[in-house]
Amino acid sequence: MENTFKGTSTYIASPELMQAVDVAIALEKPLLIKGEPGTGKTMLAEAISEALGKKLYIWNIKSTTKAQDGLYTYDTVQRLYDSQFGVEGVDDIAHYIKLGQLGEAFDSEDQVILLIDEIDKADLEFPNDLLWELDKMEFYIHETKKTIKAKTRPIVIITSNAEKELPDAFLRRCIFHYIAFPDREQMTEIVNAHFDKIDENLLKQAMDTFYWIRTIRDVRKKPSTSELIDWLKALMISGIEPERLMKELPYLGVLVKKDEDLNAVRKERA
Amino acid sequence: MFTDFFYMLKAKGLEVSMTEWLTFLEALDKGLADSSFTKFYYLGRMILVKTESDYDKYDFAFQEYYKGIQSEDKLPDKILEWLHADEERDDYDPNKDLYKFNQKRTASEVKRMFNERLTEQNSEHNGGNFWIGTSGGSAFGHSGRNVGGIRVAGTSGMRSAFAVVGEHKYADFRQDRVLSMRQFQVAFRRLRQYSSRLDVAKTELDIDKTIDSTCNQGGILKLEYDKPRKNTVKLLLLFDCGGTMYPFTALCNTLFQAVNKANHFKDVKTYYFHNCIYSHVYKSAECELGDWIKVDEMMKLTDKDYKVIIVGDAAMAPEELYDKTGNYRGPNEGLSGYEWNVFINNFYKKIIWLNPKYHPGFNTAHWMESEKALAELYHMYPLTVDGLKQGIKYLMAPK
């Protein structure tokens, strides 16, 4: 296989994840990534793009996003406006067709990476509306009677936070990978990828505290990888002694963001 | 090739489709498993399994089908050992004596049922009494109130593909609060009534129609309006915060959060009561005396079109319900608890009662008299995802 994903210097992927990426590329199927927030789902696409040297298109899904938005939009209002003032090119509909991220990815000359981020944010039916396009990698523009077809199939990465159940028909077409929360060993690797030099004792103490907070039942929003990294940065800048971490929980607000969670941690500490 | 494995997966309750199976064979054909057993395991999992809560079923099927391959394979015994791990679960339920469901089952019976469930269960189930899940009365799962059941967990130190299988890392995903929350959220989506279907004024600019009409008039602007499409459902939640509700705090919390996250309601009001609704409802879950409003006032703040959801276990002594002085920690104001409930039930058009302990038809015992009376008064449903769905169906049904 010419396309083999090995992670990058700042993105540490588990062997299973790397295999999943390879399989998705080889079988030309979308890769669906699920996992807790902060497990690096979105970063995966960036890492693949970097590792394989391919351009990345990101389609961020919001609750109001429609499947059509990713393909193309026809700016009728602009055309109407232009027509009233007799602007040149008004008779050419193609002038007013704007491709969305999916359309751009299909239209690209080289193979690209397409990230459909947080697909579960959209309406329940949204994934079903994209079945044909993702299967055939083409779509039809009614206004210009033209078909946009991918010259080389883009590598499609889809992320989901499991806010909504995805439809079965959609799932059947995907390769699925669940990113489990990293254990201590993996976490150490991830942290080392982000910091040039980190005091071993500080890291140990910080990890102890971090995983301890994650075990507290009453903490609703458990701190994730990115929060640990921010916290470590704060700790390194302040130069606080590692031994005091567990006792004093400095800069706790960086790790735990909600009032009730902060109280839960302090209560557990006391 | 491997066709038996396909049927094994089906037998274990995994809904593998033909598309996925063919994809799997194609992947093998392309050599994506690299003749590595571990890679083969992952390859199958990533193509055939589409939710982490099904990883466990895949593991069981894989184990059973390929058990001959590992020479030092002792897994079937291992599984049985895990199924013995009931003693682990006694540590943190202070009220466990209250909820000794089904505890007379023998170990072998429980095991048999566990295997059946594992086969039949095809989604996460939390707060129920049957499937493997959390916070419920089922014999299988976590954080529940069944004493003689199986806690779904497991550890093992085996090697290679079976190491992953044996760890059963994914068994605990059924614990995930987010999952049960999503189930509730999906149910709440049905609680919608769009104003576009009601008889209201056309006040919202309809862009598409405006463009059409304007074009039809040759570019002379013509504005078109439509009825606004907004959810008109207003919700009144009444939560029981009495002592016997303590074991269901997490479950009620999930429901409460699901309502708050749904944010598509026109209005949500929440009040609390202690054991039974009397003349006052409390403004906070602590139910502090004085921090309340009168039921009459609650009715003034809402109107009869509010959909009411009462959440409580309806567990109280008959005198607490029927006696005119039955409220042991507050005023009765001349009416018994039952009369207050009738009063409320008559005011609002649609009310449902969600009961975390409800077993329809099983409330004949003397100490369940109150529950029976309230179940006859209200439309009572168990506080499970299915119960909520049924309840919402009733709430949305035209009178």
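Two worked exercises follow, on a helix of chain A and on the contact between chains A and B.

This is a predicted model, in which local features need pLDDT of at least 70, side-chain atom pairs count only at pLDDT 80 or more, and totals for chains, interfaces and linings use all residues. Residues are numbered from 1 along each chain as its sequence is written, while chains are lettered from A and ligands numbered from 1 in the order in which they are written.

**Exercise 1.** Describe helix H2 of chain A and state which of its residues are buried.

*Solution.* Begin with the extent: H2(A), a DSSP run (H or I, at least four residues, numbered from the N terminus), covers residues 41-52 and reaches 17 Å from first C-alpha to last, close to the 16 Å expected at 1.5 Å a residue. That expectation is 1.5 Å times one less than the number of residues. Next, taking as buried a residue with 20 or more other C-beta atoms (placed from the backbone) within 10 Å of its own, one finds A:Lys41, A:Leu44, A:Ala45, A:Ala47, A:Ile48 and A:Ser49. An α-helix has 3.6 residues a turn, so residues three or four places apart point the same way. Finally, H2(A) is followed by A:Gly53, whose phi is positive, near 65°.

**Exercise 2.** Work out how many residues each chain gives to the contact, and which element of chain A gives the largest share.

*Solution.* With contact meaning C-beta atoms, placed from the backbone, within 7 Å, chain A gives 22 residues and chain B gives 24. On the side of chain A, two or more residues come from each of H1, H4 (76-84), H8 (168-172) and strand S9, and H1(A) has the largest share, with six residues.

Note on methods: Buried ≥ 20, exposed ≤ 12 C-beta atoms within 10 Å, placed from the backbone. Contact = placed C-beta atoms within 7 Å.
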